[in-house]
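Student: Could you take me through one part of this model closely, namely how its charged side chains are placed and paired? I'd like one connected account, with whatever surroundings help me to place them.

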Amino acid sequence: MKRRLVRVLAVTCAAALLGGAVAGCGNSADSNADSNASSADGEAAVGGEVAVDEWNIPVLSAVTGAIAYVGAPASWAAQYAVDQINAQGGINGVPVSIEIYDTKFDTAEVASCLSQVVDDSIIVVGPMDAPGGEVAGQMIYDAAVPNIGTYSYEDSRAAYSPYAIAYMTDSEEGDVLAAQKWIELNPDIKSVVLFTCPSDASQVATVEMLQDELPELGVEVAGVVEVETDTLDCGPAAVQALNYGADGYISVLRADENAKVVSELRTRGVDEGRRITCGFSSFSDNYISVAGAEALEGTYIWNKLDPNYDGEEWNALVEAYKEDFDGAAPTSNPVPDYYNAFIAIKQCFEELQITGDPANAEAEKEAIAEWLYNSPTIHGIQGDFHWENGKKIADIYYFQFDADGNPVAVE
């Protein structure tokens, strides 16, 4: 764990320097001691009449750029949630508005966007990607602003406690659970090749964890193949992987690169789709359309949402989503996750009786952070969830693609 924390903090400092918006990466515990101070009884003093006419909440999302296929749906989901909340009377009788900041899947843009809002916001939602989260951590901690963002590492949540709250379940943990399920379903797979992007710290960390965990399950890691974001020709990567002579392949790549890798593996001799399993960051319409049904048939993938979830609120969201996305249904996990972030904010503000009074901003922001960091049960759009030390506790789902390219839930 110490090795991973050092890497995360180092990347945070480098990215912050690139964006020019962070004063430095000193010792968080020392630099923010005053901001973290609470009242004598251990709880911030909050509560009273609402002092604002509108709750304005900044939302950071990659609306354009390499992961716009999940960033745009996430932003849509945030606005949809706000519309639902306002239709029911807002938060404590006050309407909610959001302003969306496009981070473009660029760490410098994350720093720039966050620098515009962090000092004046009672809470911030996003950024949505792991590199962006690494930049955001120190900034939100120094400003003592609660942030529901990409904190899928236990050590990064602890470093920026209690202000770093993960908007989604832990990716590494999900990848390990999915690998365990895959091996259980395919016991003849005894050696694997792992695909990762070397410039994405979250993917690198996941591969490190898989390298530690898979041998415990009786599976050898024959090799690791690196594929950078926006790689056009993934044929060489597929050939490199095939040369290891492994029984199976685990990819934690994002959708565009993963679609090409899976297609190349199937074209070059991986006859059984069951020998390939992929991570949640590929689960999208983009992945399905680029890879195609023939390449995907029999392959596995896990996700943090169930596109076939049967619930009244989810079905209403799906219908609204289809109207705005040319009939396509939501498949990327930030859709329910960004929606749920606002459901949690509403419950938090109302239970704590947050006022928005600038004179009490420090105490209220601390109280919000503490409430979210270890929250009660929240009724989300795909079932209940809560946070434990900033870690989101919610269901994950495992699927296998059928002959038509549809993900079918694995029992």
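Tutor: Let's begin with Arg275, which is buried, because its relative accessible area is 19% and the cut-off for buried is under 20%. Please keep in mind that this is a predicted model. Arg275 has a salt-bridge partner in Glu272, and their closest N and O atoms are 2.9 Å apart. Glu272 itself counts as partly exposed, with 36% relative accessibility. The pair does not stand alone: Asp188, Glu272, Arg274 and Arg275 are linked in a network of salt bridges.

Now for a pair with two buried ends. Lys392 and Asp337 meet through their side chains in a salt bridge, with 3.0 Å from N to O. This pair links distant parts of the chain, as Lys392 is in strand S13 and Asp337 in helix H14 (residues 334–352), 55 residues apart. Lys392 counts as buried at 4% relative accessibility, and Asp337 counts as buried at 6%. The helix that carries Asp337 gives some context: 17 of the 19 residues of H14 are buried, so this helix is largely enclosed by the rest of the structure. From its first C-alpha to its last, H14 reaches 26 Å, close to the 27 Å expected at 1.5 Å a residue. Gln353 follows H14 and has a positive phi, near 55°.

Strand S13 also supplies Lys391, whose side chain forms a salt bridge with that of Glu173 at 2.7 Å, N to O. Lys391 lies in S13 (residues 391–393) and Glu173 in helix H7 (residues 171–185), so this salt bridge ties together parts that are 218 residues apart in sequence. Glu173 is partly exposed, with a relative accessible area of 38%. Leading into S13 is the loop from strand S12 (383–388), and this loop holds Asn389. Asn389 is not a glycine, yet its phi is positive, about 50°. Most residues other than glycine have a negative phi. Asn389 is partly exposed, with a relative accessible area of 47%. Counted across the model, the salt bridges come to 12.

Then there is a charged residue without a partner, Asp306. It is buried yet has no salt bridge, and Lys322, the nearest side chain of opposite charge, is 13 Å away. Where does Asp306 sit? Its place is the loop between strand S10 (300–303) and helix H13 (312–324). The side chain of Asp306 does reach the backbone nitrogen of Asn308, at 2.9 Å. Leaving out residues up to four places away in sequence, Asp306 touches Trp314, Gln382, Tyr397 and Phe399.

A charged residue also turns up among the contacts of Val252: leaving out residues up to four places away in sequence, Val252 touches Asp175, Phe195, Thr196, Gln203, Thr206, Val207, Leu210 and Ser281. Val252 counts as buried, at 5% relative accessibility, and lies in the loop between strand S8 (248–251) and helix H10 (255–267). The C-alpha atoms of Val252 and Phe280 are separated by 7.7 Å, although these residues are 28 apart along the chain. In H10, the helix after this loop, the buried residues include the charged Glu257 and Arg266, along with Ala255, Val261 and Leu265. H10 has 13 residues and reaches 18 Å from its first C-alpha to its last, close to the 18 Å expected at 1.5 Å a residue. Just after H10 comes Gly269, with a positive phi of about 125°.

To set all this in the whole protein: there are 15 helices and 15 strands, and buried residues make up 56% of the 411 residues. Among contacts with a separation of 6 or more, 72% are between residues 24 or more positions apart; the Lys391–Glu173 salt bridge, at 218 residues apart, spans such a separation. The protein exposes about 16,200 Å², of which carbon and sulfur atoms supply 47%.

Methods
Residues numbered from 1 in each chain as written. Predicted model: local features only at pLDDT ≥ 70, side-chain atom pairs only at ≥ 80, totals over all residues. Heavy atoms only, no water. Helix = DSSP H or I, 4+ residues; strand = E, 2+ residues; numbered from the N terminus. Buried < 20%, exposed > 50% of the residue type's maximum accessible area, 1.4 Å probe, protein only. Salt bridge = Lys/Arg side-chain N within 4 Å of Asp/Glu carboxyl O. Polar contact = N/O pair within 3.5 Å; in protein donor to acceptor, adjacent residues only side chain to side chain. Contact = heavy atoms within 4.5 Å. Areas by Shrake-Rupley, 256 points an atom, 1.4 Å probe, with all protein chains shown as cover. Expected span 1.5 Å × (residues − 1).
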